[in-house]
Amino acid sequence: MSIIYNFRPTGMFPVIYCDACKDLIEDARNTVFVWDENGGIAFGHKGECSHALDWKTGFPYWDDLDIFLVSLSTNTGCDLRGLKAAKQRHSEFVAYGLAATDVTAASPKGKIQ
Ligand SMILES: [Zn+2]
């Protein structure tokens with residue numbers, strides 16, 4: 001699964017790994033998701049990784065990761081006010097040391113298993 005929830009001494013947070021190269025996704029603007037009619041979904045960096053996913057999965061549809069994130073929040077009833085409230089809660093978690101302020105610094109580097 002390319003979306004996982006990390007529990008690490010440096011914080012807890014969800015992250016997405018590329019299904020092609022297995023590296024951490026750090027920039028939604030440089031990431032796509034691909035899917036099919038059967039519920040299949042995969043994530044990949046734009047360029048070489050997204051081309052590899054096309055070949056590997058055969059999924060016919062793709063779009064930018066930021067569209068996936070907006071669609072997910074919309075389809076789960078999380079509007080802008082909800083996102084602002086969640087961001088405030090996240091800030092409180094950071095203040096208590098329960099969440100990472102910099103996910104890239106706290107995430108395991110290298111390949112996901
Ligand atoms: Zn990649």
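In strand E5, the bridge partner of Val 34 is Trp 62. That pairing is a handy way into this structure, which is a predicted model in which local features need pLDDT of at least 70, side-chain atom pairs count only at pLDDT 80 or more, and totals for chains, interfaces and linings use all residues. Residues are numbered from 1 along each chain as its sequence is written.

**Overall layout**

The protein chain holds 4 helices and 5 strands, where helices (H or I, at least four residues) and strands (E, at least two) are DSSP runs numbered from the N terminus. Along the sequence, the pattern reads β-β-β-β-α-β-α-α-α. The chain has 113 residues, and 19% of them count as buried; buried here means 20 or more other C-beta atoms within 10 Å of a residue's own, exposed means 12 or fewer, partly exposed lies in between, and C-beta atoms are placed from the backbone. Among contacts with a separation of 6 or more, 53% come from residues 24 or more positions apart, a contact being two residues whose C-beta atoms, placed from the backbone, lie within 7 Å.

**The sheet**

Now to the strands around Val 34. An open sheet of 3 strands runs in the order E4-E3-E5, with antiparallel pairing; two strands pair if DSSP finds at least two bridges between them. Strand E4 (41-45) and strand E5 (61-64) are the edge strands, each pairing on one side only. From one strand to the next, the twist averages 25 degrees (axes are lines fitted to C-alpha atoms, for helices over the stretch in contact, and angles run from 0 to 180 degrees between N-to-C directions). As general background, strands of a sheet pair through backbone hydrogen bonds, either parallel or antiparallel.

Strand E3 (residues 31-35) pairs with E4 over 5 bridges in the antiparallel sense, with Thr 31 opposite His 45 and Val 34 opposite Ala 42. The two strands form a hairpin with 5 residues between them, and Gly 39 in the turn has a positive phi of about 95 degrees. On the E5 side, E3 is joined by 4 bridges, again antiparallel.

**Helices on the sheet, and the core**

Helix H1 (residues 48-57) packs on the sheet and touches E3, E4 and E5, its direction making about 150 degrees with that of E4. Helix H2 (residues 65-75) lies across E3, E4 and E5 and runs at about 90 degrees to E5.

Which residues touch the most other members of the largest nonpolar core? In this core of 13 residues, they are Cys 18, Ile 25, Phe 33, Val 34, Ala 42, Phe 43 and Leu 53. A nonpolar core is a set of buried Ala, Val, Leu, Ile, Met, Phe, Trp, Tyr and Cys residues joined through C-beta atoms within 7 Å. E3, E4 and H1 each supply at least two residues of this core, and the largest share, 3 residues, comes from E3. Leaving out residues up to four places away in sequence, Val 34 touches Ala 42, Leu 53, Asp 54, Thr 57, Phe 59, Tyr 61 and Trp 62.

**Covered and open elements**

Here is how burial works out for four elements.

| Element | Residues in element | Buried residues |
|---|---|---|
| E3 | 5 residues | 4 residues |
| E4 | 5 residues | 4 residues |
| H2 | 11 residues | 1 residue |
| H3 | 16 residues | 0 residues |

Because 4 of its 5 residues are buried, E3 is largely enclosed by the rest of the structure. E4 is mostly covered, whereas H2 is hardly covered. With 0 buried residues, H3 therefore lies largely in the open.

Helix H3 (residues 80-95) reaches 23 Å from its first C-alpha to its last, close to the 22 Å expected at 1.5 Å a residue; the expected span is 1.5 Å times one less than the number of residues.

**Positive phi values**

Gly 77, just after H2, takes a positive phi of about 75 degrees, and Gly 97, just after H3, takes one of about 80 degrees. Lys 22 is a residue other than glycine with a positive phi, near 70 degrees. Lys 22 lies in the loop between strand E2 (11-16) and E3, and counts as partly exposed because it has 13 C-beta neighbours inside 10 Å.
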